[in-house]
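User: I've got a structure open and I'd like to practise reading it. Can we go through some of the terms together?

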Amino acid sequence: MKPERHYEVIFFILFSLSVLFAACAASPRSAGEVEAEEVSVEEPELYSALPENVPLGNGADISVLRFGPAETVSFEIPPGVGLPDPESGDSADSELNRSFREAYLEGLFRDLPLAGVLGGDLVHSWPPQSPAAWVQNWRGTGEIPNSWGIPSLILAVQSFSGSQAFIVQGILMDAYGRSAGIGRANGAMGYGAPLGEDFLYEGQAAQRFEKGLLIVEALGGDGRAGKIRFDPAELPPPPEMLGVFEEGLEGDPVSEACRAAWPLIFDKLASPSGVVKVDAPGSVFLFSAAPWQLPLDEAGRLSVRWIYMQSLAEGRGLLFLTDYSVTGTGGTVIEAGLRARLLVSPFLDALIAEEALPGSPAPSNPPGKSGGKQFDRLFEGLARYGIPLSNPLFRAEGGSYIEAQRFSRGWIVEELKSGE
């Protein structure tokens with residue numbers, strides 16, 4: 001996240017609450033400084049709290065889940081990622097560069113097989129004849145046949161009206177290249193730009209685009225999509241209370257990041273009523289004396305400065321947004337983008353459960369009491385598994401789909417049931 005965006009958020013908090021938290025806006029420390037200090041276990045400052053009559057989760061069976069430590073990854077973003085085409089004539093080149101670089105980091109968090117830019121490609125408008133989105137072609141390490149005719153292709157696409165780029169890859173990219181969209185077109189013309197990453201929708205692989213929901217109903221051979229379906233139903237507007245944490249903060253970067261997650265929130269939580277309600281104004285946790293330090297597998301450490309959370313759909317979902325920096329291998333400090341994550345069952349239930357998942361590590365320096373039994377349990381889960389670095393996503397294994405979610409200490413993965 002850009003420093004000025006972070007300072008803006010802190011300024012509004014200071015103004016609305018009339019409390020001095022000057023240390024909260026300190027610059028992230030280097031790896032050497034992190035190692036030289038004692039790990040912070042301070043009690044975070046809490047503003048507003050989740051009503052205790054709104055239980056989190058839905059009592060899902062977490063016995064189907066397991067934890068797997070994440071492999072050490074390099075957070076290096078290759079040269080050329082997010083570099084705009086100078087002929088595009090766009091006045092927001094720096095913002096395009098930021099959003100595409102953040103999308104690449106998102107892909108690294110998800111363990112996608114990214115290997116930089118494909119053929120020196122630049123961020124450009126697409127398609128050339130009738131531009132509908134910004135795009136950059138990235139190279140994957142695999143060689144999987146797809147409808148675009150470039151086996152190593154991975155797409156990064158951003159809507160003209162949006163501020164975040166998203167990746168289209170794998171079987172969804174294969175489906176994205178088929179002419180089943182509006183006007184029998186493919187790509188950005190037929191489906192629009194993506195409004196989020198791919199995910200599991202009612203047991204099937206899906207991704208939300210500007211013009212509708214693209215669903216892969218069956219897997220084909222060679223890692224390709226089989227039968228696909230496109231639902232052009234219009235996405236309803238987000239609830240007014242989504243992203244509201246304190247009076248007067250509407251429209252700030254925190255609120256905007258939360259509302260950008262609305263497409264996934266709707267697709268994951270609207271069934272069966274077709275409506276998603278916000279339970280209450282969100283909760284804010286500030287680590288003002290020192291960032292909360294969490295390990296990041298073997299590669300480094302996360303420094304968490306603040307956390308925003310908001311309960312949705314009577315506790316069936318929890319929107320999670322945090323400001324943090326990553327200290328990776330060699331002491332490199334990377335500022336992550338401001339992206340909201342969605343926690344839903346069974347992953348949300350695993351975070352607040354008393355028992356640990358098989359393969360999980362011991363909790364790492366949980367903060368003190370945070371204000372309420374549910375939040376205390378949630379922070380214990382975050383200390384064990386880490387903060388969410390992805391939304392729930394799907395994996396194809398043995399001809400079936402399973403669901404998984406990346407946390408900073410590793411993956412929580414759904415296991416295939418016997419006979420599947």
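User: Which residue in strand 14 stands opposite Trp292?

Analyst: That's Val304. Keep in mind that this is a predicted model.

User: How do you know that strand 13 and strand 14 pair?

Analyst: Pairing takes at least two bridges between the strands. Strand 13 and strand 14 (residues 300–312) have 5 bridges, in the antiparallel sense, so by that cut-off they count as a pair.

User: What makes strand 13 largely enclosed by the rest of the structure?

Analyst: Buried means under 20% relative accessible area, and 5 of the 5 residues of strand 13 (residues 292–296) are buried, so the rest of the structure largely encloses it. Both faces are covered, too: Trp292, Leu294 and Leu296 sit on one side, with Gln293 and Pro295 on the other.

User: Why is one side of strand 8 left without a neighbour in the sheet?

Analyst: Look at the order of the sheet: 8-9-10-11, an open sheet of 4 strands with antiparallel pairing. Strand 8 (199–201) and strand 11 (228–231) stand at the edges with a single partner strand each, so each has one side without a neighbour in the sheet. From one strand to the next, the twist averages 35°.

User: How many bridges join strand 8 and strand 9?

Analyst: There are 3 bridges, and the pairing is antiparallel. The cut-off is at least two, so this one counts as a pair. Within it, Phe199 stands opposite Ala206 of strand 9.

User: What packs on that sheet?

Analyst: Helix 7 (residues 262–269) does, touching strand 8, strand 9 and strand 10 (212–216). The helix direction makes about 35° with that of strand 8.

User: How do you know that Asp252 makes a polar contact at the start of helix 6?

Analyst: A polar contact is a pair of N or O atoms within 3.5 Å. Here a side-chain oxygen of Asp252 comes to within 2.7 Å of the backbone nitrogen of Val254, so the pair falls inside that limit. Val254 is also one of the buried residues of helix 6 (residues 253–260), along with Pro253, Ser255, Ala257 and Cys258.

User: Which helix gives the most to the lining of the second largest pocket?

Analyst: Helix 4 (170–176), with 5 residues. The lining has 28 residues, and Pro113, Ile144, Gln169, Gly170 and Ile171 lie nearest the centre of the pocket. Strand 6 (153–159) and strand 18 (393–397) each supply at least two residues as well. The volume of this pocket is about 550 Å³.

Key: Residues are numbered from 1 along each chain as its sequence is written. This is a predicted model: local features need pLDDT of at least 70, side-chain atom pairs count only at pLDDT 80 or more; totals for chains, interfaces and linings use all residues. Side-chain values use heavy atoms; hydrogens and water are left out. Axes are lines fitted to C-alpha atoms, for helices over the stretch in contact, and angles run from 0 to 180 degrees between N-to-C directions. Contact means heavy atoms within 4.5 Å. Buried means under 20% relative accessible area, exposed over 50%, partly exposed in between (1.4 Å probe, protein chains only). A polar contact is a pair of N or O atoms within 3.5 Å; within protein, one must be able to donate a hydrogen and the other to accept it, and residues adjacent in sequence count only if both atoms are side-chain atoms. On a 1 Å grid over the protein atoms alone, a cavity is a set of points where a 1.4 Å probe fits but cannot get out, and a pocket is an open set with protein on both sides within 12 Å along at least five of seven lines; lining residues have an atom within 4 Å of a point. Grid points are joined across faces, edges and corners, and a volume is the space filled by probe spheres set on the points.
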